[in-house]
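These are my notebook entries on a few helix pairs and a few single residues that I looked up one after another.

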Amino acid sequence: MTTFVASLHLPYTVKFRTEENGHNFGIFPTAESFITAPVPNLLTTLGKSGGVLVTPPKTPPAPAAQDNGEFFFKDAGNIDVIVEDDESDGQAPNRSSSTTSLTAHSSSPPKSGERTSIRNSRRRSSAGQSGRKNSSWSVEPFDLGNGGLKNAVSAALDSGVLENRTWVGALGIKTDHLEDVTRSEIDSRLRDDYDSLVVYCKDEDFEGHYAHYCKEMLWPVFHNQIPDYPRSKAYEDHSWCYYVNLNQAFADAIVSDYKRGDQIWIHDYHLLLVPKMIRDKLPDAKIGFFLHVAFPSSEVFRCLAVRKELLEGILGASLIGFQTPEYTRHFLQTCSRLLYVEATRSGIQLEDRFVHVTSLPIGIDPISLDIKRKEPTVEEWTKIISERYRGKKLIVARDKLDHVRGVRQKLLAFEQFLDKHTEWEGQVVLIQVALSTTENPDLQNQVADIVTRINSSHANLAHSPVVFLQQDISFSQYIALLTIADALVVTSLREGMNLTSHEYVYFQDLKHSPLILSEFTGSASIFDGAEISVNPWNNKQCAEAFQKALTMSEDEKLRRWKKLYDATVHHTANYWVKTFMEKWDVAYDEQQRRGSSMIPRLSSKKLGDDYIASKKRLFILDYEGTLVSSEIMPNPQRTIDTINDLLLDQRNIVYVMSSSEPEELEAPFRRVPNVGLISENGCFIRPFGKKEWIRAARPEEDCKRWKTQVKDILDYYVIRTPGTRVEVHNCSLIFHYRNAEDPITAARQAAECANDVNDRFENQSIRAVPVDGAVTVECAECNKATAADLVMKYIEESEDPTKPDFILVVGDDREDEVAFHWANELKDTVPHVTSVSVGVRNTEACATLTQGVAGVHLVLQKLAALDEE
């Protein structure tokens with residue numbers, strides 16, 4: 001079995017080595033240079049010692065390894081550089097110590113189960129050189145991409161959680177002018193030696209997909225920002241086709257390489273359409289999807305013109321993962337409101353299958369971090385930085401320079417902190433590492449102005465309060481910064497998991513410095529208040545957070561750090577992969593079991609054999625659609641005769657369940673005195689052989705209270721939607737829209753109504769469930785499964801407390817699924833259990849009956865006839 005791990009970029013790319021002129025194989029998209037007014041940075045700051053030194057000091061040699069760059073500056077040589085692409089959201093960078101080119105003709109492939117230099121390598125690709133036919137080329141680690149995902153997969157491979165992994169992605173270089181022979185060689189080399197499947201697409205498609213649609217449309221929307229400016233509108237109009245084309249190229253590549261039994265794991269917002277594209281061609285494939293960035297509220301997501309296509313694309317997966325419960329809830333609400341589907345806490349019910357949804361935060365890989373922190377260069381850099389800032393408090397930050405990272409807000413808060421707390425003048429330094437993404441001159445100039453203003457007001461010849469680095473730094477320098485920092489500050493306006501904060505906590509095992517973290521990051525959801533939580537839009541609160549971090553007592557630091565550390569080492573990268581795989585297996589197995597093509601037809605012979613072999617039998621039968629057709633005026637006579645025939649055998653106990661009120665359900669069964677009845681989907685029960693009804697729902701006064709509040713909401717939607725009405729039951733309300741004047745508008749209003757009720761009454765255990773042509777609002781604690789539990793209790797309390805050894809549950813709609821699940825759970829303790837769904841659909845029942853109501857009666861009559869033989 002192979003696990004395809006699909007993300008936009010492969011962990012590897014190709015470097016062409018030639019001096020001759022030819023086509024440009026440059027990396028795209030190209031990040032523009034940061035052009036603005038000069039600002040003080042650590043290079044000049046380090047060189048100051050009473051005066052300004054132009055040349056910074058060189059890195060001192062280490063016993064076994066040496067960084068080739070100057071202080072916090074990357075040399076052109078091969079060093080382990082942190083490079084984080086702006087395609088991933090808060091992901092940890094890959095770690096590297098490799099300086100060896102992986103040539104196409106001489107380098108060795110990575111060995112299975114070993115952490116190789118290839119897997120850990122992190123060197124900037126120089127694939128921007130020109131190329132020609134038969135050029136010599138080499139395979140190199142690729143800087144761009146989802147670093148957190150790559151680290152997690154590497155950790156899972158090393159631990160044995162993941163085996164036979166194949167990466168799927170693009171090379172990240174222009175490929176239109178590659179000769180077919182060269183493409184074939186590259187493809188074979190990466191496939192055979194690096195377990196990688198190259199996706200080739202037109203350069204125009206990649207550029208339009210990534211730089212236009214992903215970065216200008218999806219990136220803002222997924223971070224709760226509506227892209228309502230001319231450039232985005234222009235990109236939306238023409239770039240959607242590029243997005244579709246690239247997703248189709250990924251799907252085609254995977255499908256062509258797929259073998260039965262393989263599993264396909266697709267990652268992030270670049271590939272939202274791929275799950276459905278693969279599902280259309282491989283209906284039974286095991287497909288997982290994980291979104292690494294945040295998922296917006298439905299009010300923001302609905303602004304996308306192709307919102308339906310994107311949601312349906314994601315729903316092609318068997319299991320969909322998100323970083324936090326909040327993002328999961330947003331997705332469920334969005335699907336309910338825009339696709340008019342039933343959304344439960346565990347997933348989305350579609351017509352033909354159930355799609356499971358989970359929240360599972362990604363983490364760091366402590367094993368690889370321990371290896372990296374032991375390298376001699378880390379200790380050397382720790383000494384250098386500690387010596388340079390001796391006697392001063394060091395606040396560290398590392399972010400991409402874009403609108404969602406909150407760099408501007410952070411600097412404004414730091415400026416306010418310095419203005420207010422003058423006692424820190426000359427005693428504190430903020431080192432801001434800002435990784436450039438795409439061209440954003442307005443933000444860059446704003447940030448430069450703030451940095452210049454702070455340093456102009458609070459600097460002197462020997463001190464600059466802000467060191468702003470618009471560049472990459474080596475991983476050894478990165479570890480050293482996190483190790484000696486007095487605080488790390490993250491002020492993202494919206495973010496998935498900020499793995500920099502996780503690594504900071506891990507490297508602070510000696511110093512225990514506090515973490516200042518935006519409440520809008522996914523990491524805040526797992527740290528549970530141990531961080532100093534801030535609203536990045538509140539400059540005053542952020543400024544006070546700086547003061548709190550710098551003045552915190554050692555005892556409080558230790559207490560907070562222990563809690564942060566426990567969360568960090570629990571939610572590791574390996575745990576993330578392992579847990580997702582386990583949930584994926586469960587979701588896929590359940591989907592296969594519930595799929596109409598996998599569920600066997602009911603065997604009347606086996607059912608009859610079980611019936612004869614049993615001594616006490618329990619029948620739980622749905623009424624509408626199962627025992628009688630769903631007509632306006634159904635004829636119950638045949639049902640009455642069939643049940644009377646069953647009850648001739650004293651070993652049989654029969655219950656009929658319905659959504660009708662007690663009086664309405666009781667009427668047709670007056671001539672069947674002993675039959676048990678379950679009304680309003682479990683809210684009322686008339687026990688077998690009894691005359692009195694038992695109320696299983698909450699007290700009447702409580703029901704009246706919530707029904708009054710909910711009915712006001714439903715009446716509001718009735719006024720807005722002509723042709724709709726509200727039906728009031730004892731313990732439920734039903735919003736009917738089947739006969740609305742405008743069916744499309746009515747369906748949208750019904751979805752809004754259901755979400756409105758669920759949002760407002762979530763804490764009161766009141767739920768709104770979309771059904772065919774209606775929305776049912778009922779108590780969450782009562783259903784047909786809870787009623788079945790009470791039936792078993794009544795049997796145990798009866799004159800003959802013998803437990804049934806034969807249970808048959810038959811139903812036809814979504815409300816019966818909980819009863820099927822209840823019955824299936826008893827298979828370990830009850831010898832003969834059968835759950836039957838009438839009709840062909842996605843269900844939890846263990847058998848189907850396709851002949852409808854007539855087929856149900858035929859089966860029951862055959863069983864009754866067995867008693868006469």
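Before the first entry I fix one term: a helix axis here is a line fitted to C-alpha atoms over the stretch in contact, and an angle runs from 0 to 180 degrees between N-to-C directions. I also keep in mind that the model is predicted.

Entry 1, helices H26 and H27. I looked up how helix H26, residues 784-796, packs against helix H27, residues 817-825, and found an angle of about 45 degrees with the axes 7 Å apart. Since angles under 35 degrees count as roughly parallel and 65 to 115 as roughly perpendicular, H26 and H27 are therefore oblique to each other. On the H26 side I noted Lys-784, Ala-785, Ala-788, Asp-789 and Met-792, which meet Val-818, Ala-819 and Trp-822 of H27. Sorted by class, the residues of this contact of H26 with H27 are 6 nonpolar and 2 charged, with no polar ones.

Entry 2, helices H16 and H19. I then turned to helix H16, residues 499-507, and helix H19, residues 554-570, whose axes come within 9 Å and cross at roughly 120 degrees. That angle makes H16 oblique to H19, and I recorded the crossing of H16 and H19 as left-handed. From H16 the contact takes His-502, Val-505 and Tyr-506, while H19 supplies Trp-561, Leu-564, Tyr-565, Thr-568 and Val-569. I find 6 nonpolar and 2 polar residues in the contact of H16 with H19, and no charged ones.

Entry 3, helices H9 and H10. For helix H9, residues 307-314, and helix H10, residues 325-339, I have a packing angle of about 125 degrees and axes 11 Å apart. H9 and H10 are therefore oblique to each other, and their crossing is left-handed. Arg-307, Lys-308, Leu-311, Glu-312 and Ile-314 of H9 meet Phe-331, Thr-334, Cys-335, Leu-338 and Leu-339 of H10. The class count for the contact of H9 with H10 is 6 nonpolar, 1 polar and 3 charged.

Entry 4, His-729. I located His-729 in the loop between strand E26 (725-728) and strand E27 (732-736). Is His-729 buried or exposed? Its relative accessibility is 6%, and because buried means under 20%, His-729 counts as buried. The side chain of His-729 is joined to that of Glu-727 by a polar contact of 2.6 Å. Not counting residues up to four places away in sequence, I listed Ser-659, Glu-661, Glu-680, Lys-707 and Ile-734 as touched by His-729.

Entry 5, Ser-765. I found Ser-765 in the loop between helix H25 (743-760) and strand E28 (766-771), and with a relative accessible area of 35% Ser-765 is partly exposed. Leaving aside neighbours within four places in sequence, Ser-765 is in contact with Arg-698, Glu-778, Cys-779, Ala-780 and Glu-781. For one of these partners, Glu-778, I also noted the separation from Ser-765, which is 13 residues in sequence and 8.7 Å in space, C-alpha to C-alpha.

Entry 6, Thr-166. My last look-up was Thr-166, which lies in strand E7, residues 165-170. Thr-166 has 15% relative accessibility and so counts as buried. Apart from neighbours within four places in sequence, the contacts I wrote down for Thr-166 are Thr-2, Thr-3, Phe-4 and Val-5, together with Asp-195, Ser-196 and Leu-197.

Methods
Residues are numbered from 1 along each chain as its sequence is written. This is a predicted model: local features need pLDDT of at least 70, side-chain atom pairs count only at pLDDT 80 or more; totals for chains, interfaces and linings use all residues. Side-chain values use heavy atoms; hydrogens and water are left out. Angles under 35 degrees count as roughly parallel, over 145 as roughly antiparallel, 65 to 115 as roughly perpendicular and the rest as oblique. Contact means heavy atoms within 4.5 Å. Ala, Val, Leu, Ile, Met, Phe, Trp, Tyr, Cys and Pro count as nonpolar, Asp, Glu, Lys and Arg as charged, and the others, Gly among them, as polar. Buried means under 20% relative accessible area, exposed over 50%, partly exposed in between (1.4 Å probe, protein chains only). A polar contact is a pair of N or O atoms within 3.5 Å; within protein, one must be able to donate a hydrogen and the other to accept it, and residues adjacent in sequence count only if both atoms are side-chain atoms. A crossing is left-handed if the near helix is turned anticlockwise from the far one by less than a right angle, and right-handed if clockwise.
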